[in-house]
Amino acid sequence: MAGAHAEPLAHGHDHGHDEALHHQFEDIGQQNESYLVGMWTFLVTEVMFFGALFFTYTLYRLNYQYDFWVAHEHLDWKLGAFNTTVLLFSSFTMVMAVQSAQLKKRSHVMRYLEITVACAFIFLGVKYVEYSSKFADHLYPGISFSTDPKVFGEHGFVNGVPMVNMNHAQLFYGLYFGMTGLHAVHIIVGIGVLTALWRLWKNHAKSVTVDYVPTELVGLYWHFVDLVWIFLFPLMYLMPTPH
Amino acid sequence: MSATSIGTSEFPKQGQEEVNYLNYDHTLRSWLTTGDHKRIAILYLISTTFIFFLGSLAAGMIRFELTSPAGVVLESETYNKVFSSHGVIMVFFFLVLALPATLGNFLLPLMIGARDLAFPRLNLGSWYLYMVGAALMLSGLIFGGIDTGWTFYTPYSSMYSNTQVSLVIIGIFFSGFSSITTGINFIVTTHKMRAPGMTWFRLPLFVWALYATSVIVILGTPVIAITLLLVVFERLFHLPIFSPELGGDPVLFQHLFWFYSHPAVYIMILPAFGIESELIANFARKRIFGYHFVAFSTIAIAGLGFLVWGHHMFVSSQSMYEGLVFSLISFLVAVPSAIKIFNWTATLYKGNIRLQSPMIYALGFIGLFTVGGLTGLFLGSVGTDVHLTATYFVVAHFHYVMVGGTMMAFLGGLHYWWPKMTGRMFNDGIAKWNAVLVFVGFNLTFFPQFIVGWLGMPRRYHYYYFAPEFQPYNIMSSLGASALALGFLLPAFYLTASLFNGPKAGSNPWGAHGLEWETSSPPPVTNFLETPIVTDEVYDFDPVSEYEQLRAAQDLLDEGGNPGGSY
């Protein structure tokens, strides 16, 4: 990926490139490649960061399959699916922003970034609704965590017999809030980064307008955040009925 | 990089070499906003030295307490906090970053012929992250301390400890991100910033070591970051991740913790290996024996290091088969480590050895690390480890690696590159005796701990009245610690003194080989006045090849290749 554009850019020694070039680099090609390797390396650290969480989730779900399934029944898969769609769409608009940056269409870049940020806010809004319903039903872990299996509807309480270990349900919601919470933090950081990028484009900053790579870096981050949700959504919302 | 960008017109010209990275601007502001990797290395050197002396103070209190079987001054609670402080400070705020962030930061661009690291602002940011982390950690220690040890085992740390665990962990979280940003910076710099002609196999072995270290950092540190964060979540937000009473698995914490913290041992020792290779090659004036093997053994240690964490958990509810597999893989790590030891030793053979102070440290390193490594095998085999777990044998083992290895190499490297960093030569006579003092003091401190650990003295106890026969060993250990403290303090004085009255060091006071010695001391702001082009091999001391080059030139003349051609 880095090599593909390095060659033509490396020879583009126009005035704009000199202004966007930092002193430690020989030319803009080296600078862009460094940016991209740096971003991908950073994403590797993010994969390890979330990887430990997914590992923990896998272990506990293997241990407590049925309890996790009953506990997940309280999550609204329709809201989750809606949010998935919103994030996927925002990834599309992010791609279009990068594409427009390549074509140096400044107004298009700004428009697409605005839509991307709007999607991020919609996502957080839906998350707020979801979190609120969990708090309302005392599904936030801690001493106030619900002791009543009926909170999980028909599957939690069959023929007067509780079907779920509420301790394990609490474990599930601990993971739910921990993992979606950290993902939401990444969304919020993404909003900040996208807004900063938007401002740079608005101010005609040479650091982003001369070359599309800075915009692409933000795009890579945003796709990663999207991708984490692509894994979170089926793991949290779409469990198959255990046999 | 507006704060630090240097236009070509501002490059120091020939004859103005006195303009260097230290004296081009003297304001404090210019230091605190610098993007120059050399200045950031100095900032790191000052702050990690300060942290190191705090950690040593805690070590001194431990050694004082243990001079008597009944303890001397500290109560159990206080003692727990003191050894926890010692561990947290030394592991998370000194060892994992002192070598990469000071010597590595200073030398990586110089060694590969670059003007700076790829991301100077990120580099400065990492120092600020470190300072914020250290401030949080120290405030945690001041406002109550922690009593969990540096390992933070759950559920004690997450459910029961009433000390400042959260504050200290958040501090560690910050310093972890400081390591991660440095790691990213080093990886990108090594890949993308090498000077023309600086191929991968012309890289000095210190660069290979820093690269392998950075790979471990970026793969391992995020895992400890999230693991410790989960402990904080459990303490502050009641997310019951490791809570056994709700069905959580406290041993999962140990797995995640050691998944980072065992590779972290290699984060601490690999840069030391790199420095050791530089010292051995340059003071034996000989190309390192088996350069490729040493380089690849570095990568092998980094890779294998991720597969051995279970040897910390032989007695933590692991199955016997798990234990055997982890034991086997742990033994495999001994192979690349031994390759290094043998290759350094082989480099010494028929070398033109110069016993200056960095070389004394380097030779001490070989001995101490060998002891540290070999005793690791006792702990890596399940049978003996069950007997030795949580005894002073373990303490002695990892101090032989961390202090005998990493600290010896750090001091050796600091002496070796000190003239490059400061432009001043220190008193090599004192420095040599200091190296001997550190070696003797170190052995006196930690060798008795092998014996007393073998006899069964448990670690982390603040008394041993049940076995007063351990006292002579502990007295020896505490005496050695005093000598060691002197050995760590003296360099602070004579190195600092050299700044004021040391003779000016030329660009290459040791007659060493490497790009960093081809620029002036201290280097100019942009490291090199013009981008170097590398044409010779690394550690190109080989007298045979030098002789052959002369012969080849002579042959060319004899064949009439002389353009003059008149005789």
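These legends describe close-up views of a predicted model.

**View 1. Helix α8 of chain B, end to end.** The helix covers residues 250–284 of chain B, 35 residues in total. How far apart are its end C-alpha atoms? They are 51 Å apart. At 1.5 Å a residue, the expected span is also 51 Å, so the two values agree. Burial runs along most of α8(B): 32 of its 35 residues are buried.

**View 2. The kink in α8(B).** The helix bends by about 30 degrees. W258(B) sits at the centre of this kink. Beyond the helix, R285(B) follows just after α8(B). R285(B) has a positive phi of about 45 degrees.

**View 3. L270(B) and the residues around it.** Leaving aside residues up to four places away in sequence, L270(B) touches A209(B), A212(B) and T213(B). It also touches T298(B), I301(B) and A302(B). L270(B) belongs to the largest nonpolar core, which has 230 residues. Within that core, L270(B) is one of the residues with the most contacts, along with V168(B), I169(B), V207(B) and L228(B).

**View 4. The contact between chains A and B.** Chain A gives 28 residues to the contact, and chain B gives 34. Which elements of chain A give two or more residues to the side that touches chain B? They are α3 (28–63) and α7 (166–202). The largest share of this side comes from α3(A), with 15 residues. By type, the chain A side divides into 12 nonpolar, 15 polar and 1 charged.

Methods. Residues numbered from 1 in each chain as written. Chains lettered and ligands numbered in written order. Predicted model: local features only at pLDDT ≥ 70, side-chain atom pairs only at ≥ 80, totals over all residues. Helix = DSSP H or I, 4+ residues; strand = E, 2+ residues; numbered from the N terminus. Expected span 1.5 Å × (residues − 1). Bend = angle between axes of the 7 residues up to and from the residue. Buried ≥ 20, exposed ≤ 12 C-beta atoms within 10 Å, placed from the backbone. Contact = placed C-beta atoms within 7 Å. Nonpolar A, V, L, I, M, F, W, Y, C, P; charged D, E, K, R; others polar. Core = buried A, V, L, I, M, F, W, Y, C linked by C-beta atoms within 7 Å.
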